[in-house]
Amino acid sequence: MTTDQLTPMRKGIVGVQFLFVAFGATVLVPLLVGLDPATALFSAGLGTFIFHLATHGRVPIFLGSSFAFIAPIIAASKQWGMPGTLAGLSGVALVYFVMSALVKWQGRRLLDRLFPPVVIGPVIILIGLTLSGSGVDMAKTNWTLALVSLATAICVLTWGRGLIKLVPVVCGIVAGYVAACCMGVVDFEPVRQAPWFALPSSIARFHLPQFSWAPFFYMIPVAIAPVIEHIGDVYVVSAVAGKDFAKSPGLHRTMLGDGLACLAASFFGGPPVTTYSEVTGAMSITKVTSPQVIRIAAATAIVFSVIGKLSALLQSIPQAVLGGIMLLLFGTIASVGVQNLVQHKVDLNDTRNVIIVSVTLTMGIGGAVMQFGSFTMAGIGLSAIVGVLLNLVLPKTKPESEAQ
């Protein structure tokens, strides 16, 4: 549906619906890593506007908090503190900028060579599995609340229809929060004391990022998976809208826009942002693919970010409620990695593929660490680099017909 076919009221209603679809995931990331959810909403809205500016306002994509960086942010904050970690997240933008230049220069061929499914699949699996322990730890603080939120999310995913099916996180958190209120375990005092209108904390106390090289290099490899996910999302959005956005304005522009949005997010103290498939699903259901409606959703996110009581309310959600959602969410992320391997028909009877998948997963799950002086690389980032190197170094297995 084009913008001209929508009344102003219809645009506003659909825009708020799109934000509602993205809301749960956008605020869940900062809640899990210890950031202000209001800042994440502000970063999502601002980042979406920056993306639309870079793509000449043609691509109907909403940018929200990326789940790929939950584990890296938690791990990095233990080493360099949250200020250093947030500054290091600017490295994510650098990856997008480099990939944008490579796509402009070589097209997708070079990316397909560097990051085939046999590399990306295990990395996505790791993003989910490395978080599983945190999910269980949060859930076991109150298993009753965790199971309420988990069961609700599962029911919505299984039997939900229309837009409701796209918001299992929101439904699970609401059900768990209501149960927590009934059990008397929610402290409403911070909500009562919070002002109605207030700037996000990181913006109200804004200061320049405390840049350092160690967290910067730590975050760079982690960005590989979101970049590849970005390319897939652009093609999906193109199919839903009936336009070839990979050609016009081009993948190089969409990646540039995403990188600029990530840079702005790190500058203002928010998590990196990424394209949201949930909003694409909402567009498919509503048949509304107008970029202007997406910008209304972005503006609404910024408005929500300055409602002080909303931020306080979100921070009052018990850990067990979030833990219940994590039990489903992070397993779902891991299953996407498995699905990636299956959809692209990665042959795990091929010794070369088995080696790449096995070493990547083992190093990531086992917590391998490599240190060079003061520089340390570990976790998902290290595993991603190892997977890329193995893919480049190991000889490809010749088909049996050629071998004979």
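User: How many nonpolar, polar and charged residues are in the lining of the largest cavity?

Analyst: The lining of the largest cavity holds seven nonpolar residues, two polar ones and no charged ones. This is a predicted model, and the values are computed from its atoms.

User: Which residues are they, and which helix gives the most to the lining?

Analyst: The cavity is lined by Pro60, Ile61, Phe62, Val237, Thr275, Tyr276, Val279, Thr280 and Met283. Helix α15, residues 277-286, contributes the most, with three residues.

User: What is the volume of the largest cavity, and how many cavities of 30 Å³ or more does a search find?

Analyst: Its volume is about 40 Å³. The search of the whole structure turns up one cavity of 30 Å³ or more.

User: How should I read the largest pocket, as opposed to the cavity?

Analyst: A pocket is an open set of points, whereas in a cavity the probe cannot get out. In this model the largest pocket contains about 1600 Å³ of space. Its lining has 50 residues, of which Ile124, Glu229, Asp233, Ser277 and Val336 lie closest to the pocket centre. By class, the pocket lining consists of 30 nonpolar, 14 polar and six charged residues.

User: Which residues touch the most other members of the largest nonpolar core?

Analyst: The core has 108 residues, and those touching the most other members are Phe18, Leu28, Phe62, Phe67, Phe69 and Phe330. Helix α1, residues 8-33, gives the most to this core, with 13 residues.

User: Which residues does phenylalanine 67 touch, leaving out those up to four places away in sequence?

Analyst: Phenylalanine 67 touches Ala25, Leu28, Val29, Ile127, Tyr276, Leu329, Phe330 and Ile333. Among these contacts, Leu28 and Phe330 also appear in the list of residues that touch the most other core members. Tyr276 is one of the residues lining the largest cavity.

User: How do I read salt bridges, and how many does a search of the whole structure find?

Analyst: Oppositely charged side chains can pair when their charged atoms come close. The search finds two salt bridges. In one, arginine 192 pairs with glutamate 189, with the closest N and O atoms 3.0 Å apart. In the other, aspartate 137 and lysine 140 meet at 3.4 Å, N to O.

User: Why are arginine 192 and glutamate 189 separated by about one helical turn?

Analyst: Because they are three residues apart in helix α10, residues 189-193.

User: Which of the four paired residues are exposed, and which partly exposed?

Analyst: Arginine 192 is exposed at 56% relative accessibility, while glutamate 189 is partly exposed at 33%. Lysine 140 is exposed, with a relative accessible area of 51%, and aspartate 137 is partly exposed at 43%. The cut-off for exposed is over 50%.

Conventions:
Residues are numbered from 1 along each chain as its sequence is written. This is a predicted model: local features need pLDDT of at least 70, side-chain atom pairs count only at pLDDT 80 or more; totals for chains, interfaces and linings use all residues. Side-chain values use heavy atoms; hydrogens and water are left out. A salt bridge is a side-chain nitrogen of Lys or Arg within 4 Å of a carboxyl oxygen of Asp or Glu. Buried means under 20% relative accessible area, exposed over 50%, partly exposed in between (1.4 Å probe, protein chains only). Helices (H or I, at least four residues) and strands (E, at least two) are DSSP runs, numbered from the N terminus. On a 1 Å grid over the protein atoms alone, a cavity is a set of points where a 1.4 Å probe fits but cannot get out, and a pocket is an open set with protein on both sides within 12 Å along at least five of seven lines; lining residues have an atom within 4 Å of a point. Grid points are joined across faces, edges and corners, and a volume is the space filled by probe spheres set on the points. Ala, Val, Leu, Ile, Met, Phe, Trp, Tyr, Cys and Pro count as nonpolar, Asp, Glu, Lys and Arg as charged, and the others, Gly among them, as polar. A nonpolar core is a set of buried Ala, Val, Leu, Ile, Met, Phe, Trp, Tyr and Cys residues joined through side-chain atoms within 4.5 Å. Contact means heavy atoms within 4.5 Å.
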